Amino acid sequence: MKQTDINVLMKENVWDLIGKQWMLITAGDENGFNTMTASWGGIGWLWNKPVAFIFIRPERYTHQFVEKSEYVTLSFLPEEYRKALQICGTVSGRDTNKVADANLTPEFIRSGVVGFAQSRLTLVCKKLFKTSMTEDCFIDKDVLKRWYNDQPGGSLHDVYVVEINEAYI
């Protein structure tokens, strides 16, 4: 991977990038890390900083790595790695080495944060803010019912705002 200017994001359709192409959220270092596929999130401008916002359920194995880490990476893979994204979104790193199963090659960049050799774009992000969703904060209760009450097996997400510090291609 080669470092580039974060303004490379100006060339991306972020709705397509996250919602359709998906991303890997990764936290940890050479001593241990985990990654998960995400298709919910966003990229924008907050507190006079370029930021991303990501959503992670507390029961996801990646959550504990994000909690312990100052930085996370957001990695975007070319379409030919769709199967790798599916593996990383459906298999838990608690049970198997899903990075190996997905044929991904970790690369340790910037003080040991983890990206993947197969990524076409990796963002190194510093955590700035976290909050936990609560049922009483949902104004539109249909969203709560559709995405949480009618979807057994998961709690409400934790929301992280992360500052985009570096980009690699």
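## Fold and packing of the chain

The chain holds five helices and ten strands. The model is predicted. Its radius of gyration is 15 Å, which agrees with the value near 15 Å that a compact globule of 169 residues would have. The overall figures are listed below.

| Property | Value |
|---|---|
| Span of the C-alpha trace along the principal axes | about 45 × 40 × 30 Å |
| Share of the 169 residues that are buried | 44% |
| Exposed area of the chain | about 9000 Å² |
| Part of the exposed area supplied by carbon and sulfur atoms | 51% |
| Share of contacts between residues at least 6 apart in sequence that join residues at least 24 apart | 73% |

**The nonpolar cores**

In soluble globular proteins, nonpolar side chains tend to be buried together. Here the largest nonpolar core contains 24 residues. Met 23, Ile 25, Ile 54, Leu 74, Phe 76 and Leu 123 have the most contacts inside this core. Two or more residues each come from the helices α1 (14–19) and α2 (61–68), and from the strands β2 (23–29), β3 (32–38), β5 (49–56), β6 (71–76), β9 (121–132) and β10 (158–168). Strand β10 gives the largest share, four residues.

Leu 74 shows how distant parts of the sequence meet in this core. When neighbours within four places in sequence are set aside, Leu 74 is in contact with Met 23, Leu 24 and Ile 25, with Ala 52 and Ile 54, and with Leu 121, Thr 122, Leu 123 and Cys 125. Another core, of twelve residues, lies apart from the largest one. Its members include Leu 24, Phe 33, Leu 77 and Ile 87.

**Helix α3**

Ile 87, one of the residues of the twelve-residue core, is in helix α3, which covers residues 82–90. The buried residues of α3 are Arg 82, Ala 84, Leu 85, Ile 87 and Cys 88. These residues pack against the strands β2 and β3 and against α4 (98–101).

**The β4–β5 hairpin**

Strand β4, residues 41–46, pairs with β5 in the antiparallel sense, over six bridges. Ile 43 has Ala 52 of β5 as its bridge partner, and Ala 52 is also among the residues in contact with Leu 74. Two residues lie between the strands of this hairpin, and Trp 47 takes a positive phi near 55 degrees. Strand β5 thus appears in two settings: it pairs with β4, and it gives two or more residues to the largest core.

Key: Residues numbered from 1 in each chain as written. Predicted model: local features only at pLDDT ≥ 70, side-chain atom pairs only at ≥ 80, totals over all residues. Heavy atoms only, no water. Core = buried A, V, L, I, M, F, W, Y, C linked by side-chain atoms within 4.5 Å. Buried < 20%, exposed > 50% of the residue type's maximum accessible area, 1.4 Å probe, protein only. Contact = heavy atoms within 4.5 Å. Pairing = 2+ DSSP bridges. Rg over C-alpha atoms; globule rule 2.2 N^0.38 Å. Areas by Shrake-Rupley, 256 points an atom, 1.4 Å probe, with all protein chains shown as cover.
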